[in-house]
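Student: I am new to this structure and would be grateful for a close look at a single part of it. Please choose one part, describe it with care, and then show me how it is placed among its surroundings.

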Amino acid sequence: MISFDNPGLSTLTTPRQVMLGDGAAAKLADLLKGWQVQPGRVLLVADREVAKLGLIDAVKGPLAAGGYEAGVFDAIVGEPLLETAVELTRFAREQACGAVIGVGGGSAMDMAKLAAALAANSGEVKDYLGIVTFPRPPLPLALVPTTAGTGAEATSVSMLSVEGRKAIVLSPQLIPLAAVLDPVLTRSLPPRVTAATGLDALSHACEAYMSVRATPFTDSYALTATGIIARWLKPAYDDGTNMEARRAMLFAAYLGGVCLNAGVVVGHSVAYTIANRTRTPHGISCTMALPYTILFNRAARPERLKALAEVALQSPAATAVDLALWVDELNAVLGMPRSLNEIGIPAAGLDEMVEECLKRYPRPTNPVELNRERLKPLYEAMHAGDVRGFARTCGNG
Ligand SMILES: [Fe+2]
């Protein structure tokens with residue numbers, strides 16, 4: 001179901017060029033030439049882990065053959081800190097490069113966005129926190145994801161940690177000129193990372209579809225991504241060398257990234273409160289929250305959640321409750337934790353999580369207004385892992 005009932009303006013920002021195919025990363029030099037980037041120095045920003053695995057060689061070698069010498073910054077470990085961004089900015093400005101290429105997961109790609117913008121502008125990283133306009137356009141930027149999940153290759157945001165708190169730099173200027181989707185680079189992802197990142201992509205698609213900022217553009221991407229992930233995540237998890245599944249998941253993760261034009265809803269807020277207490281990876285905390293998010297918004301989005309259920313379960317009879325149970329079952333099949341209790345969060349800490357969710361991660365995009373009375377039962381059900389019980393009692397409208 002793609003709705004056209006909103007007479008307002010719908011806009012979509014996406015990379016100017018997207019490539020998908022085995023070995024696509026080897027085409028970067030051709031891509032740069034197409035943008036009139038003169039042969040010479042380019043900056044390559046990568047995760048340390050990606051560099052260790054040798055994945056950047058798939059990018060560096062062909063770039064060199066095309067006349068582009070890559071200066072490599074591979075100090076990205078986990079969630080990027082402000083200090084890392086400052087160090088990267090200094091490095092990027094020293095390089096005098098003609099383009100920036102980010103290779104890795106969401107963190108490396110986010111940092112590459114910042115590097116492209118700050119290499120072309122003066123000032124410090126701290127000057128650009130929040131929603132910003134850069135006086136000068138960023139350097140040409142290409143992003144090459146090595147996980148199929150975050151969708152950062154399609155978004156206008158860069159996330160970093162400033163003094164222990166999440167901060168963002170948000171600007172349409174941060175969207176890359178190109179997203180290069182090379183499934184070969186995701187082939188060596190272990191099953192657990194395949195699952196966690198793929199489930200993050202599923203959360204982006206499902207949450208964007210519930211958002212009050214959903215548009216016909218994001219609706220079409222969200223439905224397609226959900227259908228692909230329902231079909232291909234399990235095969236990719238079972239056999240990482242199944243390239244058809246890898247291609248499908250990398251494509252779906254990109255679509256999920258584009259869905260973020262509509263924003264996400266309460267599930268991502270709940271996920272952040274989990275992340276602040278445990279070392280649960282982002283995708284896992286998101287997918288744990290997803291069944292409850294679906295039920296929480298069911299009464300406000302009945303037709304949409306029915307449509308999403310039909311796509312995910314491939315059945316015209318499927319309902320929103322079926323969808324929530326399906327996500328919970330998928331989590332079980334993929335070995336994900338399914339309750340807050342299971343990941344060591346005490347029941348006594350739930351009130352504090354509710355408060356934090358409301359205060360730090362309010363979600364005006366959620367179709368049901370968040371408040372204490374509504375969130376507490378969600379957290380309680382999630383603590384017990386009781387999706388069925390929440391389906392019986394949650395009647396938010
Ligand atoms: Fe996410």
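Tutor: Let us take helix α8, which is built of 17 residues and covers 24 Å between its first C-alpha and its last. That span is close to the 24 Å expected for such a helix at 1.5 Å a residue. Please keep in mind throughout that this is a predicted model.

How much of α8 is buried? The count is 15 of its 17 residues, so the helix is largely enclosed by the rest of the structure. For the protein chain as a whole, 53% of the 397 residues count as buried.

Beyond the end of α8, one residue of the following loop deserves attention. The helix occupies residues 243-259, and the loop that joins it to α9 (266-275) contains V265. This residue is buried, because 31 other C-beta atoms lie within 10 Å of its own, and 20 or more are enough for that label. Leaving aside residues up to four places away in sequence, V265 touches E207, M210, S211, T293, N297, R363, T365 and N366. One of these partners, T293, is 28 residues away in sequence, yet its C-alpha is 8.0 Å from that of V265.

A separation of 28 residues can also go with a different distance in space. A309 and P337 are likewise 28 residues apart in sequence, but their C-alpha atoms are 22 Å apart. A309 belongs to helix α11, which covers residues 302-313. It counts as buried because 24 C-beta neighbours lie inside 10 Å. Once residues up to four places away are set aside, its contacts are A318, T319, A320, D322 and L323.

An exposed residue offers a useful contrast. P7 is located in the segment before β1. With 5 C-beta neighbours inside 10 Å, P7 counts as exposed, since the label applies at 12 or fewer. From P7 to P364 there are 357 residues in sequence and 20 Å in space, taken between C-alpha atoms.

To compare α8 with another helix, consider α4, residues 82-95. Its 14 residues reach 20 Å from first C-alpha to last, close to the 20 Å expected at 1.5 Å a residue. The buried residues here are T84, A85, L88, T89, A92 and Q95. Viewed down the axis of α4, these residues fall within an arc of 140°, so they line one face of the helix. The spacing reflects a general feature of helices: an α-helix has 3.6 residues a turn, so residues three or four places apart point the same way. R90 and E94 are exposed on the other side of α4. The buried residues of α4 pack against strands β2 (40-47), β3 (68-76) and β7 (157-162), and also against helix α5 (106-119). Just after the helix comes A96, with a positive phi near 50°.

Helix α3, residues 57-65, has A58, V59, K60 and L63 buried. Their cover includes helix α1 (28-34) together with the strands β2, β3, β4 (100-104) and β6 (141-145). Strands β2 and β3 thus appear among the surroundings of α3 and of α4. α3, too, is followed by a residue with positive phi, namely G67, near 95°.

It remains to set these parts in the whole. The protein chain contains 15 helices and nine strands, and it is divided into domain 1 (17-186) and domain 2 (191-393). The C-alpha centres of the two domains are 28 Å apart. Where they meet, 17 residues of domain 1 are in contact with 19 residues of domain 2. On the domain 1 side, the elements that give two or more residues are β1 (17-20) and β9 (178-181). By class, that side has nine nonpolar, six polar and two charged residues.

Finally, consider the overall form. Along the principal axes, the C-alpha atoms fill a box of roughly 65 × 45 × 40 Å. The radius of gyration is 21 Å, which agrees with the value near 21 Å for a compact globule of 397 residues. Of the contacts between residues at least 6 apart in sequence, 79% join residues at least 24 apart. The contact between V265 and T293, at 28 residues' separation, is one example of such a pairing.

Notes:
Residues are numbered from 1 along each chain as its sequence is written. This is a predicted model: local features need pLDDT of at least 70, side-chain atom pairs count only at pLDDT 80 or more; totals for chains, interfaces and linings use all residues. Helices (H or I, at least four residues) and strands (E, at least two) are DSSP runs, numbered from the N terminus. The radius of gyration is taken over C-alpha atoms; the globule rule is 2.2 Å times the number of residues to the power 0.38. Two residues are in contact if their C-beta atoms, placed from the backbone, lie within 7 Å. The expected span of a helix is 1.5 Å times one less than its number of residues. The arc is that of the directions from the helix axis to the C-beta atoms. Domain bounds come from an automatic or database domain assignment. Ala, Val, Leu, Ile, Met, Phe, Trp, Tyr, Cys and Pro count as nonpolar, Asp, Glu, Lys and Arg as charged, and the others, Gly among them, as polar.
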